[in-house]
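Take a walk through this model, starting from its central sheet and moving out to its pocket, its cavity and a few unusual residues.

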Amino acid sequence: MRTAYSVETVRTAERELMARLPEGALMQRAAAGLAATCADLLGRVYGSRVVLLVGSGDNGGDALYAGARLARRGAGVSAVLLAPDRVHGGGLAALRRAGGRTVGTDGAEALIERADLVVDGIVGIGGKGGLRPDAVPLAAAAERSRAVVVAVDLPSGVDADTGEVRGAALRADVTVTFGTHKPGLLIDPAREYAGSVRLVDIGLELPVEAEMGALQHADVARLLPVPRGESDKYRRGVVGIAAGSARYPGAAVLAVAGALRGGAGAVRYVGPAGQAVIARFPETLVSDRGPAHAGRVQAWVTGPGAGDDAATVAEVVASEVPVLIDADGLRLAEAAAVRARTAPTLMTPHAGEAAALLGVEREEVEGGRLAAVRELAGRYGATVLLKGSTTLVADSGGGPVRVNPTGTPWLATAGSGDVLSGLAGSLLAAGLSAVDAGSAGAYVHGLAGRFAAGAGGAPVAAHDVAAAIPGAWRDVVRG
């Protein structure tokens with residue numbers, strides 16, 4: 001699992017390590033890793049033009065020491081000092097000894113536009129808010145240039161702990177982060193500013209439990225259910241789908257499509273779209289007698305395409321098995337009834353639905369995804385999977401938030417969420433916890449979206465994503 005730790009945790013680990021090392025040794029480790037990455041990106045260091053954007057504090061020191069290493073290898077290194085009176089003294093002296101030069105902000109834009117590589121050492125992980133006004137033109141020049149832009153630890157102007165971007169920020173091609181990932185490198189909108197992230201090990205000793213985790217193939221493979229010799233369709237779990245309406249029968253079909261490929265042994269469907277479901281998936285167990293009379297299930301999915309059928313949603317929410325609530329179900333379910341549940345609940349809103357539940361604007365959710373998913377989980381006493389450009393899964397009991405690293409923008413298509421609901425609901429029925437079902441479901445669903453879109457990327461429909469789930473599942477299991 002790829003883990004991420006808060007600024008406070010990282011700072012504590014750094015202090016503990018620095019107490020055991022010679023003065024400046026930790027910064028030299030970071031600078032060495034940064035310089036090595038820059039050299040790799042340049043290919044040919046000798047004769048290259050490197051510009052350092054240097055603020056006050058340790059990030060500026062990292063940039064200066066890395067610049068000194070590049071200058072000793074023959075690069076022409078210029079450091080733009082945004083706070084000359086507060087620059088890291090040791091780093092500045094090292095750069096000058098190596099033959100690097102320093103300049104002010106006047107004329108720096110032209111220098112940046114001619115550079116081969118720009119190092120962003122303006123603001124460190126403790127920075128809050130956007131860039132200061134004097135740094136904004138420099139960031140814009142870096143974006144206009146053909147230079148490779150490398151951020152030190154994280155792009156300046158983004159929030160390391162939340163992934164929020166509250167003003168102008170520098171957009172990097174590569175971010176070299178030290179010791180561990182920071183949450184902001186994994187969450188949009190900040191993730192979009194980070195580019196490719198490279199982790200440099202500097203020897204930090206971090207707690208076992210991180211603030212955030214991103215599952216990888218091996219983690220998901222351990223979670224996915226595997227039938228045994230004694231398994232039958234009932235032992236593997238039965239998932240109930242209470243979805244669809246006369247107006248939206250396709251939502252039911254797509255939720256069933258995801259559920260059939262999600263690891264449970266059987267799928268029961270309840271609702272008015274039974275004819276459409278059975279025509280497409282004859283293996284589905286269809287009933288029109290309501291959830292309470294559909295037969296035994298190990299988990300329910302309710303809400304996709306439900307329209308105004310509040311009674312069915314309420315009946316499912318009142319059940320004593322794990323329940324996934326999506327789409328119209330999020331609007332129809334009574335908050336008090338959700339909070340009163342004793343069995344696991346998994347809610348799967350997109351940003352618009354989350355905003356309606358929280359009573360805020362959609363932009364507030366999209367700009368502060370981490371705060372939104374935690375607030376929803378706590379308010380409803382449920383596990384919440386917040387869909388979007390970065391999908392987050394949070395549990396009401398606290399603990400690490402999971403961020404899904406798979407997926408593609410091509411998944412932003414009608415019905416894709418219905419497929420995810422069926423898939424994650426099937427994993428619930430197979431015995432996974434709500435956090436694991438949401439995390440593994442999002443991972444496989446995102447990977448299926450990539451497979452459906454193909455290597456070059458192409459428009460996909462929701463049924464294409466459902467059809468690609470078995471291939472994504474096999475890819476995960478193979479590792």
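Helices here are DSSP runs of H or I with at least four residues, strands are runs of E with at least two, and both are numbered from the N terminus. The model is predicted. With that naming in hand, one residue can be placed at once: Asp436 is found in helix H18. We return to Asp436 after the sheet.

Begin with the sheet. It is open and built from 11 strands. Their order is S1-S9-S18-S17-S16-S15-S14-S13-S10-S11-S12, and the pairing is mixed. Two strands stand at the edges: S1 (2–4) and S12 (285–287). Each has a single partner strand, so one side of each is left without a neighbour in the sheet. From one strand to the next, the twist averages 20°.

Strands of a sheet pair through backbone hydrogen bonds, either parallel or antiparallel. One pair serves as an example. Strand S10 covers residues 238–242, and strand S13 covers residues 299–302. The two run in the parallel sense and are joined over four bridges. Within this pair, Ile241 stands opposite Val301 in S13.

Next come two helices that pack on the sheet. Helix H11 (residues 310–317) touches S10, S13 and strand S14 (323–325). The direction of H11 makes about 155° with that of S13. Helix H18 (residues 434–453) also packs on the sheet. H18 touches strand S15 (345–347), strand S16 (383–386), strand S17 (392–394) and strand S18 (401–403). The direction of H18 makes about 15° with that of S16.

Now back to Asp436, in H18. Is Asp436 buried or exposed? The cut-off for buried is under 20% relative accessible area. Asp436 has 17%, so it counts as buried. The side chain of Asp436 makes a polar contact with the side chain of Arg402, at 2.7 Å. Neighbours within four places in sequence aside, Asp436 is in contact with Leu223, Arg402 and Gly441.

Arg402 appears again in the lining of a cavity. The structure holds one cavity of 30 Å³ or more. The largest cavity contains about 60 Å³ of space. Its lining consists of Leu215, Thr391, Val393, Arg402, Val403, Asn404, Pro405, Ser439, Ala442 and Tyr443. S18 and H18 are the elements that give two or more residues to this lining. H18 gives the most, with three residues.

H18 also has a part in the largest pocket. About 940 Å³ of space lies in that pocket. Its lining is made of 40 residues. Lys387, Gly388, Leu411, Ala412 and Ser416 lie nearest the centre. Several helices each supply at least two residues of the lining. They are H7 (190–194), H9 (249–260), H14 (351–358), H15 (362–367), H17 (416–429) and H18.

The loops deserve a look too. Start with the one between S1 and helix H1 (7–18), where Ser6 lies. Ser6 has 13% relative accessibility and counts as buried. Apart from neighbours within four places in sequence, Ser6 is in contact with Asp161, Pro183 and Glu211.

Asp232 sits in another loop, between helix H8 (217–223) and S10. What is the relative accessible area of Asp232? The value is 31%, so Asp232 is partly exposed. Gly265 is 33 residues away along the chain, yet the C-alpha atoms of Asp232 and Gly265 are separated by 7.1 Å.

Some backbone features remain. A cis peptide bond joins Asp188 and Pro189, with omega about 10°. Pro189 belongs to the loop between strand S7 (174–178) and H7.

Which values of phi stand out for Asp153 and Ala327? Phi of Asp153 is near 75°, a positive value in a residue other than glycine. Asp153 is found in the loop between strand S6 (148–152) and S7. Its relative accessibility is 4%, so Asp153 counts as buried. Ala327 also has a positive phi, near 50°, and is likewise a residue other than glycine. Ala327 lies in the loop between S14 and helix H12 (328–332). With a relative accessible area of 18%, Ala327 is buried.

How values were computed:
Residues are numbered from 1 along each chain as its sequence is written. This is a predicted model: local features need pLDDT of at least 70, side-chain atom pairs count only at pLDDT 80 or more; totals for chains, interfaces and linings use all residues. Side-chain values use heavy atoms; hydrogens and water are left out. Two strands pair if DSSP finds at least two bridges between them. Axes are lines fitted to C-alpha atoms, for helices over the stretch in contact, and angles run from 0 to 180 degrees between N-to-C directions. Contact means heavy atoms within 4.5 Å. Buried means under 20% relative accessible area, exposed over 50%, partly exposed in between (1.4 Å probe, protein chains only). A polar contact is a pair of N or O atoms within 3.5 Å; within protein, one must be able to donate a hydrogen and the other to accept it, and residues adjacent in sequence count only if both atoms are side-chain atoms. On a 1 Å grid over the protein atoms alone, a cavity is a set of points where a 1.4 Å probe fits but cannot get out, and a pocket is an open set with protein on both sides within 12 Å along at least five of seven lines; lining residues have an atom within 4 Å of a point. Grid points are joined across faces, edges and corners, and a volume is the space filled by probe spheres set on the points.
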